[in-house]
Amino acid sequence: NDLSTASLGVLWQTASGLVTAGTINTTTKMATITASATPGNAVIALYSGAEQTGTILWSWHIWVTDYNPFSSAANTTYTITNTASASYTFMDRNLGATTATAGDVGVKGLLYQWGRKDPFPGSTTLDGTGEPTLYGAKTVVTKTPVAASNNLANSILNPATVYYGINNANTGYDWYTNVNDRSSQNDALWGGASTSAPTDKTIFDPCPAGWRVAAWRGGASPWSAIGANGVATSNVGSFANFGVTWSVISAGFWPAAGYRDGSSGAVYDVGSIGNYWSASPNSSIGYDLYFDSNNVNPANGNYRAYGLSVRCVQE
């Protein structure tokens with residue numbers, strides 16, 4: 001494509017000066033992104049015009065971290081086998097987390113609507129629901145109702161916008177469509193449309209190279225070894241420091257980062273509820289892992305406009 005008039009810029013970042021976007025070399029179609037030594041998260045965008053003008057053509061999440069999930073050091077990953085004997089190698093932290101330490105606010109990571117590639121920040125406290133301070137072209141998360149039958153193009157044009165859904169009987173709250181018809185939804189955005197055998201990673205999968213959003217395999221949830229819906233949290237792990245340290249599946253600490261609500265985009269239940277997306281649909285909604293201080297559901301279902309945590313698995 002002709003990039004002679006295009007530009008790169010920071011859409012939002014969690015700290016001022018966290019990353020700097022360089023100019024585009026129109027011959028190689030490459031640019032240098034410079035990151036500071038401070039851990040954090042940013043989204044950079046490719047604009048059709050100079051100096052961040054025009055429309056956004058694509059965007060990328062920049063995860064500034066010293067974490068190397070391919071390292072041979074102990075506890076950088078955890079292996080879980082589901083009840084269909086499918087093995088998953090999970091990162092030891094949430095996508096976007098700046099630490100894996102329980103009780104540290106940086107452990108929460110980012111929140112994702114089901115099937116979207118771009119992240120949204122949560123609150124900056126362990127149990128608060130206030131919107132974070134952002135730096136860049138966007139200093140706040142925009143929230144707007146979905147108003148298109150196919151909203152995918154709008155989600156690319158507006159990666160800092162949470163599209164909250166409409167409570168349609170057949171599609172629930174879905175950021176992808178406002179049509180009350182199941183055929184208008186897209187089950188394959190993260191490659192997990194088949195709960196038996198997921199397809200290859202897609203361009204909308206938010207995980208880094210070599211990693212993907214966990215999908216159901218063999219008809220079973222990635223977390224099915226925990227037990228069935230309603231198992232007591234105390235039977236499978238310990239809820240403390242605003243999250244769960246699993247014992248049954250030996251998978252480290254998973255924070256209760258809360259969620260962005262599918263009908264408003266607002267942040268709720270930080271510190272008390274953990275929701276982790278899978279790549280697999282559950283009819284009109286999406287499968288996720290749910291837990292609170294009392295109960296766990298490894299095959300929960302959530303509306304697709306909700307913003308939940310993601311824990312990547314190795315491809």
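**Entry 1: the disulfide**

I began with the link between C207 and C312, which is left-handed, with -90 degrees about the S-S bond. This is a predicted model, so I am reading computed geometry here. The two sulfur atoms are 2.1 Å apart. I then searched the whole structure for disulfides and got one.

Where do C207 and C312 lie? C207 is in the loop between strand 10 (161-164) and strand 11 (211-213), while C312 is in strand 22 (residues 312-314). The pair therefore ties together parts that are 105 residues apart in sequence.

Next I looked up burial. C207 has a relative accessible area of 6%, so I wrote it down as buried. C312 comes out at 0% and counts as buried too.

**Entry 2: aromatic rings**

A note to self before this one: a pair of aromatic rings is described by the distance of the centres and the angle of the planes.

My search of the whole structure turned up 16 aromatic pairs. One of them is W175 with Y176, an edge-to-face pair with 5.6 Å from centre to centre and 80 degrees between the planes. W175 is buried at 0% relative accessible area, and Y176 is buried at 7%.

Then I checked Y276 and F291. Is their pair stacked or edge-to-face? The ring centres are 6.1 Å apart and the planes are at 20 degrees, so the pair is stacked. Y276 belongs to strand 18 (residues 274-282) and F291 to strand 19 (residues 285-291), so this pair ties together parts 15 residues apart in sequence. Y276 has a relative accessible area of 0% and is buried. I found F291 buried as well, at 0%.

These two rings also have company: Y276 and F291 are in one aromatic cluster with Y88, F90, W223, W246 and W254.

**Entry 3: the sheet with strands 18 and 19**

Since I already had strands 18 and 19 on the page, I looked up their sheet. It is an open sheet of four strands in the order 12-20-19-18, and the pairing is antiparallel. Which strands stand at the edges? Strand 12 (231-232) and strand 18 do, each with a single partner strand, so one side of each has no neighbour in the sheet.

I zoomed in on one end of that order. Strand 12 runs antiparallel to strand 20 (residues 295-302), and two bridges join them. For A232, I found the bridge partner in strand 20 to be N295.

**Entry 4: Q113**

I picked Q113 next, which sits in strand 8 (residues 112-113). Is Q113 buried or exposed? Its relative accessibility is 1%, so it counts as buried.

Where does the side chain go? It reaches the backbone oxygen of A305, at 2.7 Å. Leaving out residues up to four places away in sequence, Q113 touches a list of residues that includes F120, T161, Y163, W175, W190, W277 and R304. I recognised W175 from my ring notes, where it pairs with Y176.

**Entry 5: Y78**

Y78 is in strand 6. At 19% relative accessibility, Y78 counts as buried, because the cut-off is under 20%. Setting aside neighbours within four places in sequence, I found Y78 in contact with Y88, T89, F90, D92, S250, A251 and G252. Two of these names, Y88 and F90, are in the aromatic cluster from my second entry.

I also looked up how far Y78 is from S221. They are 143 residues apart in sequence, and their C-alpha atoms are 16 Å apart in space.

**Entry 6: charges over rings**

I found the charged end of R93 over the ring of Y67, 3.9 Å from the ring centre. K117 does something like it with W58: its charged end sits over that ring, 4.3 Å from the centre.

**Entry 7: positive phi**

My reminder for this entry: most residues other than glycine have a negative phi.

K29 is not a glycine, but its phi is positive, about 60 degrees. I located K29 in the loop between strand 2 (19-21) and strand 3 (33-35). K29 is partly exposed, with a relative accessible area of 44%.

N75 also has a positive phi, near 65 degrees. This residue is in the loop between strand 5 (56-64) and strand 6 (77-81). At 49% relative accessibility, I logged N75 as partly exposed.

Notes: Residues are numbered from 1 along each chain as its sequence is written. This is a predicted model: local features need pLDDT of at least 70, side-chain atom pairs count only at pLDDT 80 or more; totals for chains, interfaces and linings use all residues. Side-chain values use heavy atoms; hydrogens and water are left out. Buried means under 20% relative accessible area, exposed over 50%, partly exposed in between (1.4 Å probe, protein chains only). A polar contact is a pair of N or O atoms within 3.5 Å; within protein, one must be able to donate a hydrogen and the other to accept it, and residues adjacent in sequence count only if both atoms are side-chain atoms. Contact means heavy atoms within 4.5 Å. Rings of Phe, Tyr and Trp (its six-membered ring) pair if their centres lie within 6.5 Å; planes under 30 degrees apart count as stacked, over 60 as edge-to-face and the rest as tilted. A charge sits over a ring if NZ of Lys or CZ of Arg is within 6 Å of the ring centre and within 35 degrees of the ring normal. A disulfide is a pair of cysteine sulfur atoms within 2.5 Å. Two strands pair if DSSP finds at least two bridges between them.
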